[in-house]
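Here are a few friendly notes to read alongside the structure. I have kept them to sheets, one helix pair and the way the two copies sit together.

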Protein chains: 2
Amino acid sequence: MDRTQEWNELAAQLGVDSIRCSTAAGSGHPTSSLSAAHLAAVLFSDHLRFDVEDPANLGNDRFVLSKGHASPLFFSVLKAIGAIDDDQLLTFRKFGSPIQGHPAPAPGMPWVDVATGSLGQGLPIGLGMALAMGLDDLPGRVWVLMGDSEVAEGSVWEAMENASFHGARNLIAILDMNRLGQRGPTMLEWEGDRYAARAEAFGWRALRVDGHDVAGIDQAYREAEDGDGPTLIVARTEKGHGVSFLANKEGWHGKALSPDEAEKAIAELGGVRDIAITPQKPDVRVDREPLGARADTPIDLPAYEEAQATRKAFGEALAALAARPDVVALDGEVANSTHTEDFQKVAPERFFEMYIAEQAMLGAAVGFQAVGKNPFAATFGAFLTRAYDFVRMAAVSRANLRLCGSHAGISIGEDGPSQMALEDLAMMRAVHGSTVLYPADANATAELTKAMADLPGIVYLRTTREKTGKLYDAGEAFPVGGSKTLRSGGDDRVTLVSAGVTLYESLAAADALAAEGIACRVIDVYSIKPIDGATLRKAMADTGLIVTVEDHLLEGGIGDAVLSALAEDPLQGRVVSIGVTEMPGSGSPEELRDWAGLSAAKIADRVRAALSP
Amino acid sequence: MDRTQEWNELAAQLGVDSIRCSTAAGSGHPTSSLSAAHLAAVLFSDHLRFDVEDPANLGNDRFVLSKGHASPLFFSVLKAIGAIDDDQLLTFRKFGSPIQGHPAPAPGMPWVDVATGSLGQGLPIGLGMALAMGLDDLPGRVWVLMGDSEVAEGSVWEAMENASFHGARNLIAILDMNRLGQRGPTMLEWEGDRYAARAEAFGWRALRVDGHDVAGIDQAYREAEDGDGPTLIVARTEKGHGVSFLANKEGWHGKALSPDEAEKAIAELGGVRDIAITPQKPDVRVDREPLGARADTPIDLPAYEEAQATRKAFGEALAALAARPDVVALDGEVANSTHTEDFQKVAPERFFEMYIAEQAMLGAAVGFQAVGKNPFAATFGAFLTRAYDFVRMAAVSRANLRLCGSHAGISIGEDGPSQMALEDLAMMRAVHGSTVLYPADANATAELTKAMADLPGIVYLRTTREKTGKLYDAGEAFPVGGSKTLRSGGDDRVTLVSAGVTLYESLAAADALAAEGIACRVIDVYSIKPIDGATLRKAMADTGLIVTVEDHLLEGGIGDAVLSALAEDPLQGRVVSIGVTEMPGSGSPEELRDWAGLSAAKIADRVRAALSP
């Protein structure tokens, strides 16, 4: 059997197995798998350099199934390369199986680096992988298989532009142009020249191929491998290829075949096969470091005696963290605002300017961490909303990501509401396994920035535009899940709970109230998730009244986090939540805080009102 | 003075006034304004058809300042056309002034249709405006002024593709290619041919012009006006043009000039002028209907006697709402999943398939409502995270938007976590002025879908993939802010609070517990924001234990909303929150609910445990 026949046989097996597993599951996307079967067969047989026994080897090529719904194809490939067996394949979509509806890293699934299934994310992620490999001069390539419907997502074009700008030579995207989306024809159908023209206009090389001609595919892959820039292979394919009643037919998206239909389709494809292939192993073996492996690296954190903005402290602490070679930083063209520019100054080769393309920035960060880097990504907190789907999916990817959102709250002042992060705490709390940090002063920020580097999952740090005064000495410990009680006494009648910039207003309010004989406890909940529930519950038991103060909308932020922590015990006392309740405009930070009820004077008024009979 | 001189004089005035107002404010973006002064001068003098006295006239052309940071330019234009006076201009960025840091609709600012300042949003919004005008055969054009940094945002390319696909002939985008972003050169700097090639590859006509040559600009605008498809005008400009120490200089982004610098710059620009212009009025006058004007339209809502999926009821109710000519629907290529296809069937001309481009979909929806339409936009709830920045900014725009997120929660089953909305309630609650609805059965969904059409602000409806049983009769009222108490008695020992699919599990748990002698109250909080606090507080007073049950992460959803409502009175009793706490995989809805503790059996276990001594 010649090579062409072998590839075609393997492709037929992948198609048959895609049908078998999705029919066994009763759901799934067999037709989206059939369109890419030849593309996958040639790739895994002869191009992808990948050690099946050692998927964590950083010397491997990477494969990202951006069209995650073609999971039957991917898992059929895993069977063909011996990663899973046929019994496992047939657990597709079953409860408890790592062979999920869309690929996701999970226990028992080390061959999946990142979760896909939200379309348009594979290319940004692949870009990050490619850039990470470039940093270490690894010879690997990143292969991203995309669907044609998903290139309507702007994130694809953010990645296209950044990939060519950054010269990601080892990035190869394959476009499975099968013409049909979920509901019918795509906007461009089979106009491959137009996809190619777009890619070329974005600085990529574009190749065109018949996606069911294995020799042509092999040739295109060779050309792509020889390139010195990112390459898009536009492959004209048929959805449901190889099966008469599926091929290029509408109405079959995301539908498993009935057992009868499956039998017919499998017969048309030549029946069940049991071909095993072994991808070529890479020449290089590079260990992946476990989380925390660099935690003992001595870091010369900045120390502050004077007022400083927490965003500046973040930047300087991040620059200190550059002593760890695993740390990389990405920014959305605001590095002189977030202060990641301080990192860039000391480690320019590990700083990635992603321009105003927050989705590409977050996707790339997920890619970086998937191949062993420790990415910090920063922009205005308001603009992280642009990439919330990437944060959500990063959690599904079990990614370790460090995010910083600067310019939080109305306290940015004159720029107005478009630039004010007022929902970021809610957004980041509602991410599975996330950690949410909101330091008030520069020394706390430095400590927490260092701590971020070794925490699992998505870690979010919220910073402030303005300078804030010194509250803590350099070197003071800020354990995640802890808090700081800044005012406390035996006769406290109220507890003010705050973090960040409004903590200062709370302290001033407490001082004013104390002068009137109203003793206040003040707690800095710099760790908002997890929050220090024990301290909060004791404060409620002691004082009977908690007033939460936050430069954030009332929903989902500090107030909600405090109530949730209090609810772990039987409820008692009263909670008053102060936050932003109206749409702000421009103004000075002081004016806006007073307008929102977040000034010391307004906080004190609320406390007096709450305590009056 | 010939026309060219007049335009140049006006441009100089716009530059001078941009400097004056930003210097008076002490912050702002004068150099980003100077680059576009000639473009604006020619546009407002001779091309934009706009009645300054009647900005709400739907017959007007629309202007969207996508590069919202160039607000000094825009407000200087408003002065030149007589919308505001010089004193008002000098309130730029001051507390309480509608002349905000970035343009936003606000009392006193009827000349701004939509908020900008988060980059890359103007073109999607302009697309929606253009499509809306096309629906009514209005002769207006939509002019969108974009910066060059912002075209790195993928949302721009989502809009480019959809605009050409939908044939938005009256959409003209002007690219102020001033070469410099916030931190330094853009990726393409002055490579106008490359921008043009990208636009052409995306199906647009592209023109190139020197952005400081007023005659050339006038000619380009004429060509764009004569076009029969969307046109991009790539204007080569200088940031800070006309001032020797600013022009094409780095380090001046977002910086106001000092009074001394301003004096020098104004002198270089020829001093303060007081030119007044009057844009050409449109030939057409069309009234905008106020919110609720169509509320009395008879709507033949669907009625359900059998189990039905709430997503299907949403689609059928939306189809019934097609009787109102103001209603339009948009979808992200999942209309056969969200069931907006039911609307498409009855009102195909008012259905807009935005393909898998959620940001363009939401931006277009904002544009639709800005010119008098009543847009409903739908996709999987999980994928609304893709457009969270657009939802956030829609609130700043004071937009009335109706959003539906389908396939909520782990109850979608086999597709796995990438498709499961588990943070949508948190995300949507944390939007200023939003309403969040989560009906359990089909009749409730129909009523709430109808109610959505006349609510102010951002309204979110969460729907379920599976069929759910009938709980309510057709025609039953579901007031926003209300709830339904489905089980209640004098000896209730616990209150189960839920909504949507888990309400059924809660009812089954209540029945099982009742059989054991544990009487349970059950409340359907179909209105999650605002939530029915009075009923919840009474339930706590009566039963002393509330158990919240939601197919959502624990943070920011029903549990938090209930606690927040309880906190309006002194706290008492206990709250147990049941939600998703681990990363789900695939499985059947039943298996996954049981795994997450959301099955009737597991809910009952939690109640028993909470009640045991």
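1. A word on terms before the strands come up: two strands count as paired if DSSP finds at least two bridges between them. Please also keep in mind that this is a predicted model.

2. With that in hand, look at strand S10 (residues 401–406) and strand S12 (residues 458–462) of chain B, which pair in the parallel sense over five bridges. If you want one pair of residues to find by eye, take Cys404(B), whose bridge partner in S12(B) is Leu461(B).

3. These two strands belong to an open sheet of seven strands in chain B, ordered S8-S7-S9-S10-S12-S11-S17, and the pairing is mixed. Its edge strands are S8 (351–353) and S17 (527–529) of chain B, each of which pairs on one side only. Neighbouring strands of the sheet are turned by 20° against each other on average, direction ignored.

4. Chain A offers an open sheet of five strands with parallel pairing, in the order S1-S2-S3-S5-S4. At the edges stand S1 (62–65) and S4 (205–210) of chain A; each has a single partner strand, so one side of each is left without a neighbour in the sheet. From one strand to the next, the twist averages 20°.

5. Within that sheet, strand S3 (residues 171–177) and strand S5 (residues 231–236) of chain A run parallel and are joined by six bridges. Here Asp176(A) has Ala235(A) of S5(A) as its bridge partner. Helix H8 (residues 192–201) of chain A lies across S3, S4 and S5 of chain A, and runs at about 160° to S4(A).

6. How do helix H6 (residues 122–135) and helix H14 (residues 358–370) of chain A pack? Their axes are 6 Å apart and the angle is about 50°, and H6(A) and H14(A) are therefore oblique to each other. H6(A) passes H14(A) in a right-handed crossing. Among the residues making the contact are Ile125(A), Met129(A) and Leu135(A) of H6(A), and Ala360(A), Val366(A) and Phe368(A) of H14(A). The contact residues divide into 11 nonpolar, four polar and no charged.

7. Finally, the copies. A turn of 180° with a shift of 0.0 Å along the axis lays chain A on chain B with an RMSD of 0.0 Å. The two copies are thus related as by a two-fold rotation axis. Of the residues of chain A, Gly154(A) comes closest to the rotation axis, its C-alpha lying at 1.7 Å. As for the interface, 100% of the interface residues of chain A are also interface residues in chain B, so the copies meet through the same surface.

How values were computed
Residues numbered from 1 in each chain as written. Chains lettered and ligands numbered in written order. Predicted model: local features only at pLDDT ≥ 70, side-chain atom pairs only at ≥ 80, totals over all residues. Heavy atoms only, no water. Helix = DSSP H or I, 4+ residues; strand = E, 2+ residues; numbered from the N terminus. Axes fitted to C-alpha atoms, helices over the stretch in contact; angles between N-to-C directions. Least-squares fit on C-alpha atoms with pLDDT ≥ 70 in both. Contact = heavy atoms within 4.5 Å. Parallel < 35°, antiparallel > 145°, perpendicular 65-115°, else oblique. Left-handed = near helix turned anticlockwise from the far one by under 90°. Nonpolar A, V, L, I, M, F, W, Y, C, P; charged D, E, K, R; others polar.
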